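Visitor: I'm new to this structure and would like a close look at one part of it. Could you walk me through one helix and the core around it, and then show me where that sits in the rest of the chain?

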Amino acid sequence: MGLAFKHFLPPLYQQILPDELLRLSIHETKATCDSCIKVPQYQEDLKCCTFHPFLPNYLIGQILLDEKSKPSFITETLQHKISKRQYALPLGIVAPVRYQVEFNELKSQHFGRREDWLCPYYDQTLNRCGIWRNRGSVCTTFYCHSSKGSKGKNFWKVALNYLSYVEMVLCEEALVHLDFSPRQVSDLLGYINRFDGKSSELKTDSMSLKTAKNLWNGYFDDQESFYIKSLEVVKSFDRKQMKESMGDLGLNLTAQMMKVGEIWKT
Ligand code: SF4
Ligand code: SF4
């Protein structure tokens with residue numbers, strides 16, 4: 001018995017993504033995450049969470065507001081990143097550049113085994129994700145094994161492209177609504193998936209005050225409110241507006257999703 005795709009996604013996507021897609025009935029049984037099948041290749045207390053994901057601005061807003069379904073350390077972690085200038089950006093929170101560079105260089109050797117790479121949102125008491133309902137696209141679509149074999153793996157690959165694009169469209173819409181220029185948005189995008197960094201970025205995980213203030217475009221002193229405002233922008237969207245914002249590329253990616261999603265109908 002499958003589970004509708006909408007239950008794999010952050011709840012706020014239910015009002016903006018196509019119904020046909022949200023209704024796909026997905027039945028994954030091989031990746032048994034509570035008892036991880038990759039142990040002992042991966043450490044039991046790390047699993048596949050030796051990765052610091054990108055969290056989009058509007059999902060941070062949702063997590064901050066979501067009192068019930070998150071462990072208390074999550075708010076503290078987000079507030080710590082904000083107060084220490086650890087790459088909490090208007091676009092969202094990214095891993096420190098030093099981490100990104102090291103991860104991109106060494107992930108094939110150390111994935112699943114580096115404790116110092118453990119995701120900051122991982123709940124070590126319960127040995128599972130602390131932000132599950134609002135996790136980002138990379139985490140949503142990661143299945144080390146699929147019940148549908150290579151076709152299932154391909155489905156999740158296409159889903160990653162689709163959901164990453166959805167994230168970028170929504171983050172950027174929020175930034176534009178909150179008065180960021182195309183140039184400022186472009187500067188922020190430069191902090192995602194880095195393979196190299198300036199010496200200052202590689203030396204410390206905190207951004208300089210000057211750089212952070214510059215990137216925050218006047219919102220530096222109230223970053224939590226900014227993330228909540230980003231959420232409000234996204235929540236004001238309906239399916240029609242979302243379709244327009246996604247453009248031709250979005251239509252194409254949606255069509256690809258429906259095509260690969262056929263595997264769940266058999
Ligand atoms: S997806 Fe991750 S946690 Fe789940 S079984 Fe695979 S490696 Fe383990
Ligand atoms: S966000 Fe959750 S699923 Fe993703 S790496 Fe962190 S703990 Fe794991």
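Guide: Here's a walk that starts with helix H6 and works outward to the core, the whole chain and the ligands.

One thing to keep in mind is that this is a predicted model. Helix H6 covers residues 149-177, which is 29 residues. At 1.5 Å a residue, that should span 42 Å, and the end C-alpha atoms are indeed 42 Å apart, so the expected and modelled lengths agree. Just after H6 comes Asp179, whose phi is positive, near 75 degrees.

Now look at which parts of H6 are tucked away. The buried residues are Gly152, Phe155, Ala159, Tyr162, Leu163, Val166, Glu167, Leu170, Cys171, Glu172, Ala174 and Leu175. If you're wondering about the spacing in a list like that, an α-helix has 3.6 residues a turn, so residues three or four places apart point the same way. Notice that Glu167 and Glu172 are among the buried ones too.

From here, step into the core. The largest nonpolar core has 48 residues. H6 gives the largest share of this core, nine residues. Helix H2 (57-65), strand E4 (88-89), helix H9 (209-216), helix H10 (223-235) and helix H11 (239-260) also each bring at least two residues. Inside the core, the residues with the most contacts are Tyr58, Ile60, Tyr87, Leu89, Ile93 and Val94. Take Ile60 as an example: leaving aside residues up to four places away in sequence, Ile60 touches Leu55, Leu78, Gly92, Ile93 and Tyr227.

Zoom out, and the chain holds 11 helices and seven strands. Its radius of gyration is 18 Å, close to the 18 Å that the globule rule gives for 266 residues, so the chain is as compact as a globular protein of that length. The C-alpha atoms fill a box of roughly 55 × 45 × 35 Å along the principal axes, and 32% of the 266 residues are buried. Of the contacts between residues at least 6 apart in sequence, 78% join residues at least 24 apart.

Last stop, the ligands. The residues around ligand 1 include Cys33, Cys36, Cys48 and Cys144, along with Phe142 and Tyr143. By class, that shell has nine nonpolar, one polar and two charged residues. Ligand 2 has Cys49, Cys119, Cys129 and Cys139 among its surrounding residues, and Arg135 is there as well. The shell around ligand 2 divides into nine nonpolar, no polar and one charged.

Key:
Residues numbered from 1 in each chain as written. Chains lettered and ligands numbered in written order. Predicted model: local features only at pLDDT ≥ 70, side-chain atom pairs only at ≥ 80, totals over all residues. Near = placed C-beta within 6 Å. Nonpolar A, V, L, I, M, F, W, Y, C, P; charged D, E, K, R; others polar. Helix = DSSP H or I, 4+ residues; strand = E, 2+ residues; numbered from the N terminus. Rg over C-alpha atoms; globule rule 2.2 N^0.38 Å. Buried ≥ 20, exposed ≤ 12 C-beta atoms within 10 Å, placed from the backbone. Contact = placed C-beta atoms within 7 Å. Expected span 1.5 Å × (residues − 1). Core = buried A, V, L, I, M, F, W, Y, C linked by C-beta atoms within 7 Å.
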